[in-house]
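Please open the model in your viewer and keep the selection panel at hand. The tour below moves from one selection to the next and says what is to be found at each stop.

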Amino acid sequence: MLKLLRDLVRGEPLDEEVQRPLEGMLITGQAGLVAGTRVATDRGWRPVEALRVGDRVLGFDRGFQPVIDVQRDHLSLGEERRAGGCRALRVPPRALGNQAPLWLMPDQGLLLESEAAQAMLGEAFVVVPARALSGQRRIAEAEVGPELESVTLVFPQEEAIYVEGGLLALCPQPQTPLAAVDAVEEAGYFRVQTLQTARFLVRSLIEGGDATALGYAPEEIAQQVAAARRGTRLAG
């Protein structure tokens, strides 16, 4: 454990803005799911942009949960670069269990299970921003196109939902600036790590040959989705 802490402390310095945890963040295009990303629902795998209020999505620990709001954000990547923002991350096929290329917004939270996190932080399940994956397994920032649509799904509670390849994407409850001020001390169910800690945890998992901890076996998710689809057809 002491070696883990020493390695983390020696990591590259980060500016104050990046070092802040993302807990309680406002929902923005930097943290949504890129249009085209498939999500596990009770009607099978569906692109996130096709989902509507009332659709049921498979969550990590609460099963299928209803969508209560869908927020969309259109970004111009050219304008984003001029403003000093980050491009989307391209995850090549099979890099993280995904069969097709996967695009992630830089600040989209991903839930992972890590022994290093358990040793350092006292909890095995933590959330890391997607940008922490950059540089691992040919994952890198790249252009999606001249414009990008990100979609944020909102549920009655904070949820981690299954997306392409078995990854778990965090869907935090949205906050207005006023609500964020009123709820400063109210933390989410999952703790979002700073970028420096997140990079260390991701690197530990991948270098230790345990990249599967970044997600769950697609065939296991497929069984739950298939069972839900059968139930939906019977109900209909």
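Begin by selecting Thr 37, which sits in the loop between β1 (33-34) and β2 (38-41); helices (H or I, at least four residues) and strands (E, at least two) are DSSP runs, numbered from the N terminus. This is a predicted model, in which local features need pLDDT of at least 70 and side-chain atom pairs count only at pLDDT 80 or more, while totals for chains, interfaces and linings use all residues. Residues are numbered from 1 along each chain as its sequence is written, and side-chain values use heavy atoms, with hydrogens and water left out.

**Around Thr 37**

With a relative accessible area of 5%, Thr 37 is buried, where buried means under 20% relative accessible area, exposed over 50%, and partly exposed in between (1.4 Å probe, protein chains only). Now add Val 34 to the selection: its backbone oxygen lies 2.7 Å from a polar atom of the Thr 37 side chain. Which residues does Thr 37 touch, not counting those up to four places away in sequence? They are Arg 46, Pro 47, Val 48, Leu 102, Trp 103, Val 163 and Glu 164, a contact being heavy atoms within 4.5 Å.

**From Val 34 into β12**

Keep Val 34 selected and add Ser 150, its bridge partner in β12. Strands β1 and β12 pair in the antiparallel sense over 2 bridges, and two strands pair if DSSP finds at least two bridges between them. If you extend the selection to the whole of β12 (residues 147-154), you have a strand that is mostly covered, with 7 of its 8 residues buried.

**Salt bridges**

How many salt bridges does a search of the whole structure find? The search finds 6, each defined as a side-chain nitrogen of Lys or Arg within 4 Å of a carboxyl oxygen of Asp or Glu.

Select Arg 38 and Glu 164, whose side chains meet in a salt bridge (3.3 Å, N to O). Arg 38 lies in strand β2 and Glu 164 in the loop between β13 (159-162) and β14 (168-171), so this pair ties together parts that are 126 residues apart in sequence. Arg 38 counts as partly exposed at 38% relative accessibility, whereas Glu 164, at 9%, counts as buried. Glu 164 is also one of the residues that Thr 37 touches.

Next, select Arg 56 and Asp 42, where another salt bridge joins the side chains (3.0 Å, N to O). Because Arg 56 belongs to strand β4 (residues 56-59) and Asp 42 to the loop between β2 and β3 (44-47), the pair ties together parts that are 14 residues apart in sequence. At 35% relative accessibility Arg 56 counts as partly exposed, while Asp 42 counts as buried at 9%.

Move on to Asp 55 and Arg 46, whose side chains meet in a salt bridge as well (3.4 Å, N to O). Asp 55 is buried at 16% relative accessibility, and Arg 46 is partly exposed, with a relative accessible area of 21%.

**The aromatic pair**

A search of the whole structure finds 1 aromatic pair. Select Phe 60 and Phe 125: their ring centres are 5.5 Å apart and their planes stand at 50 degrees, so the pair is tilted. Rings of Phe, Tyr and Trp (its six-membered ring) pair if their centres lie within 6.5 Å, and planes under 30 degrees apart count as stacked, over 60 as edge-to-face and the rest as tilted. The pair links distant parts of the chain, with Phe 60 in the loop between β4 and β5 (63-66) and Phe 125 in strand β10 (residues 125-129), 65 residues apart. Both rings belong to partly exposed residues, Phe 60 at 22% relative accessibility and Phe 125 at 30%.

**Strand β9 and its partners**

From Phe 60, step to Leu 168, which is 108 residues away along the chain although the C-alpha atoms are separated by 7.4 Å. Leu 168 in β14 stands opposite Leu 111, and 2 bridges join β9 to β14 in an antiparallel run. Select β9 (residues 109-113) itself: 4 of its 5 residues are buried, so the strand is largely enclosed by the rest of the structure. Strand β9 is also joined to β10 by 5 bridges, again antiparallel, and there Leu 110 stands opposite Val 128.

**The whole protein**

Finally, clear the selection and look at the protein as a whole, with its 7 helices and 14 strands. Of its 236 residues, 45% count as buried.

Conventions. A polar contact is a pair of N or O atoms within 3.5 Å; within protein, one must be able to donate a hydrogen and the other to accept it, and residues adjacent in sequence count only if both atoms are side-chain atoms.
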